[in-house]
Amino acid sequence: GLSPTVLLYFSRQNCEHCTAFTPVLKAAAAAAQKAADAAVMAVGMPPSTVLEVVVVSVDSEQEDYKATVTSCEPTWLTIPFNKGKERQEAAQRYSITGVPAVIILKSDTGTILNIDARGQILSDPEGVKFPWLAPPTKLHPTESQVLTLACETVGLAAVKESHSGRMPAQSLMGAADMCSQIRAMAQRLGDGNESNGTRPERLQ
């Protein structure tokens, strides 16, 4: 089957936001897996794991570590407490400065699919938008202006070609449709994406 998506969940004990987020993540992950199972079974295929959650506790005390892990699903993977260096390196590798934090990766390549998926999961507790890919990058105003200028340039050239008889009406319509799609994309990316949820608590 397909390689499962890996979700790194950075959390710790005595973190109000972590306490509130963990149940949401548990529900969203379970719902995503259930939906995937139903989809493959509907076409006669056996179910397989589509999401592997790895809990990366940033706790420094063993009792706190144990409480963090216990609050999560027992089927989720963990980095052992005695692997403190590995846990710290994981947080540094993904520039984790506050918890809770969620990183989504491709399991076969390690490619980052979303460097900050917490907000998307908070707004999708039923797992409908799994695998919670990163939203499109917001365009810089200058980039939006360049795209608009390119559309105007292409449009003007197309009109001139049409008036000279070198471009059929169908091609002119195609150019207009392309410009319309580019403008819509620039507008959508220019609007950006608002972050969801509360600000994560800083690491101590």
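The exercises below concern a predicted model of one protein chain.

**Exercise 1. Confidence**

Task: state how confident the predictor is over the chain, and find where the pLDDT is below 50.

Solution:
1. The chain has a mean pLDDT of 85.
2. A value of 70 or more is reached by 82% of the residues.
3. The pLDDT falls below 50 over residues 192–197.
4. Leaving out near neighbours in sequence, the stretch 192–197 has eight contacts in the model.
5. Where pLDDT is low, predicted coordinates should not be read in detail.

**Exercise 2. Elements and overall contacts**

Task: give the secondary structure of the chain and the order of its elements, then describe burial, contacts and exposed area.

Solution:
1. Six helices and seven strands make up the secondary structure.
2. Read from the N terminus, their order is β-α-β-α-β-α-β-β-β-α-α-α-β.
3. The chain has 204 residues, and 31% of them count as buried, the cut-off being under 20% relative accessible area.
4. Take the contacts between residues at least 6 apart in sequence: 66% of these join residues at least 24 apart.
5. The exposed area of the chain is about 12,800 Å², of which carbon and sulfur atoms supply 56%.

**Exercise 3. Cis peptide bonds**

Task: for the peptide bonds Val-99 to Pro-100 and Phe-130 to Pro-131, give omega and place each proline among the elements.

Solution:
1. The bond from Val-99 to Pro-100 is cis, and its omega is near 0 degrees.
2. Pro-100 lies in the loop between strand E4 (98–99) and strand E5 (101–106).
3. The bond from Phe-130 to Pro-131 is also cis, with omega near 15 degrees.
4. Pro-131 sits in the loop between helix H4 (118–122) and helix H5 (141–163).

**Exercise 4. Positive phi outside glycine**

Task: locate Asn-14 and Ser-95, give phi for each, and decide whether each residue is buried or exposed.

Solution:
1. Asn-14 has phi near 60 degrees, which is positive although the residue is not glycine.
2. Its place is the loop between strand E1 (5–11) and helix H1 (16–42).
3. The relative accessible area of Asn-14 is 60%; exposed means over 50%, so Asn-14 is exposed.
4. Ser-95, another residue other than glycine, has a positive phi near 55 degrees.
5. Ser-95 is in the loop between helix H3 (84–93) and E4.
6. With a relative accessibility of 57%, Ser-95 likewise counts as exposed.

Definitions and conventions:
Residues are numbered from 1 along each chain as its sequence is written. This is a predicted model: local features need pLDDT of at least 70, side-chain atom pairs count only at pLDDT 80 or more; totals for chains, interfaces and linings use all residues. Side-chain values use heavy atoms; hydrogens and water are left out. pLDDT is the predictor's confidence in each residue, from 0 to 100. Contact means heavy atoms within 4.5 Å. Helices (H or I, at least four residues) and strands (E, at least two) are DSSP runs, numbered from the N terminus. Buried means under 20% relative accessible area, exposed over 50%, partly exposed in between (1.4 Å probe, protein chains only). Accessible areas come from the Shrake-Rupley method with a 1.4 Å probe; for residues, only the protein chains shown count as cover.
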